[in-house]
Amino acid sequence: MKQIIVIGGGAAGLMAAVIAGREGARVILLEKMNMVGKKMGITGKGRCNITNNADMTEFIKNTPGNGKFLYGAYERFSNEDLLELLHSWGLKTKVERGGRVFPESDSALEVRNTFMKILKKYNVQVHLNEPVTSITVKDDRVVGVTTDKEQYACDAAIICTGGASYPLTGSTGDGYTLAKKIGHTITDIRPSLVPIVTEESWVKDIMGLSLRNVEVSVISKNKVQAKQFGEMMFTHFGLTGPTILSLSHTVGKLLRKKNPQITIEINLKPALTAEVLDKRLQKDFDLYSKKQLANGMKDLLPVNLIPIVIKLAELDPSKPINQITKEERLRLCHVLQHMTLTVKELRPVAEAIVTAGGISLKEFSPKTMESKLVKGLYGAGEVLDIDAFTGGYNLQAAFSTGYVAAMHAVHGDEE
Ligand SMILES: Cc1cc2nc3c(=O)[nH]c(=O)nc-3n(C[C@H](O)[C@H](O)[C@H](O)COP(=O)(O)OP(=O)(O)OC[C@H]3O[C@@H](n4cnc5c(N)ncnc54)[C@H](O)[C@@H]3O)c2cc1C
């Protein structure tokens, strides 16, 4: 019977531990926090967006951080395989907008509890409050794992320590140190799916304002680098919301270049051409011709956005509408479709939904998740240099890599 140690009890570690147990190994799961799956418990705003019902091509497309590495893992253990497994454990799921899959109960805790139940079923020994401090390698092979309490001998170890975001959930980047100490390379660690800090301080005036059906573009050196359609929100430091979080991967990449000059452009009326928008504005101005400008745009914009748009168009809010010139009206139209903010930086990695960067994938086999440098060492989940967009893609990546690592750790090449 093989002795397998799983380091970290998040999504990847829980999957790896139950699969290694199911396949007949003796499994110890070492978790540094006082419970497993702490991050899992807060995913999807407490509802846990487990996966997506998209096909594999979509999965890869939605994984800007080295999606192609995951082909092998997804072929071996797909979203459908995951759902079949969860259903067989009694967890019911449902599909929502954008193919997002959630537990029917809307409870991330139910997902965590299901894993805890299955850990017991397969006799996985779970050691809580026991952080791993080093991995022992002899003749290029893993022979043991040391914690702050004990030393364990093992045939294989699976590192599933997560990234460096939301450190209160336990993912404090320990895996990078553990892997580095035994010869692995760690790529640049940076935030992804994270709010964006802008230079403009007027965002403070409209903090909390959320916009739907807008088109948000990232522009660098006069070129559109990425675009997203959907929701966004203003905050006291800049911008957040689904479109912004998705664009943050591109912004992060650009920020690493020399003098990137990044701006965010918001098209508040993406469904209208410039001509149609102007006609619409003219119609409103005819209707409110005797009012001041600030009171003539209520049909077009949320009230607290009006003074900002007028200011950006360099107009006087008290100017009577019947005195607005065509040139001034066109200026307003331009701002409505090209509201521009300058990117200062991203919020720190601790506030990111996922960590981009991690243990270099060049040193791992995409088919087995085994290290090419240390036999018997496996990596799974966010600790690897993988990051995806929102939509259930990050958890599926963790589940699939955890599954594949466990299967190979138990069965080797016979699998
Ligand atoms: C607020 C939020 C919401 C999210 N929502 C979703 C969502 O709905 N859908 C989705 O797909 N993704 C979501 N994600 C991303 C997703 O949660 C992660 O990508 C996923 O949890 C990564 O799994 P993991 O097992 O690799 O790491 P983690 O889940 O972070 O688990 C790592 C585990 O390792 C333990 N550990 C760390 N160091 C040590 C050590 N030295 N010794 C022992 N144990 C250690 C940690 O305590 C932790 O339990 C969300 C993330 C956040 C922050």
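Visitor: How many disulfides does a search of the whole structure find?
Guide: Zero. A disulfide is a pair of cysteine sulfur atoms within 2.5 Å. This is a predicted model, where local features need pLDDT of at least 70, side-chain atom pairs count only at pLDDT 80 or more, and totals for chains, interfaces and linings use all residues. Residues are numbered from 1 along each chain as its sequence is written, and side-chain values use heavy atoms, with hydrogens and water left out.

Visitor: Why is Cys-48 not bonded to the closest cysteine sulfur?
Guide: That sulfur belongs to Cys-160 and lies 17 Å from the sulfur of Cys-48, too far for a bond.

Visitor: What about Cys-160 and its nearest cysteine sulfur?
Guide: Cys-160 is in no disulfide either. The sulfur of Cys-154 is the nearest, 13 Å away.

Visitor: Why does Cys-48 count as buried?
Guide: Its relative accessibility is 1%. Buried means under 20% relative accessible area, exposed over 50%, partly exposed in between (1.4 Å probe, protein chains only). Cys-160, at 5%, counts as buried too.

Visitor: What makes up domain 1 and domain 2?
Guide: Domain 1 covers 3–191 + 354–414, and domain 2 covers 195–347. The bounds come from an automatic or database domain assignment. The C-alpha centres of the two domains lie 40 Å apart.

Visitor: How do you know that domain 1 and domain 2 are in contact?
Guide: Eight residues of domain 1 contact five of domain 2. Contact means heavy atoms within 4.5 Å.

Visitor: Why is the pair Asp-188 and Arg-256 called a salt bridge?
Guide: Their side chains meet at 3.0 Å, N to O. The rule asks for a side-chain nitrogen of Lys or Arg within 4 Å of a carboxyl oxygen of Asp or Glu. So the pair qualifies. The count between domain 1 and domain 2 is one salt bridge.
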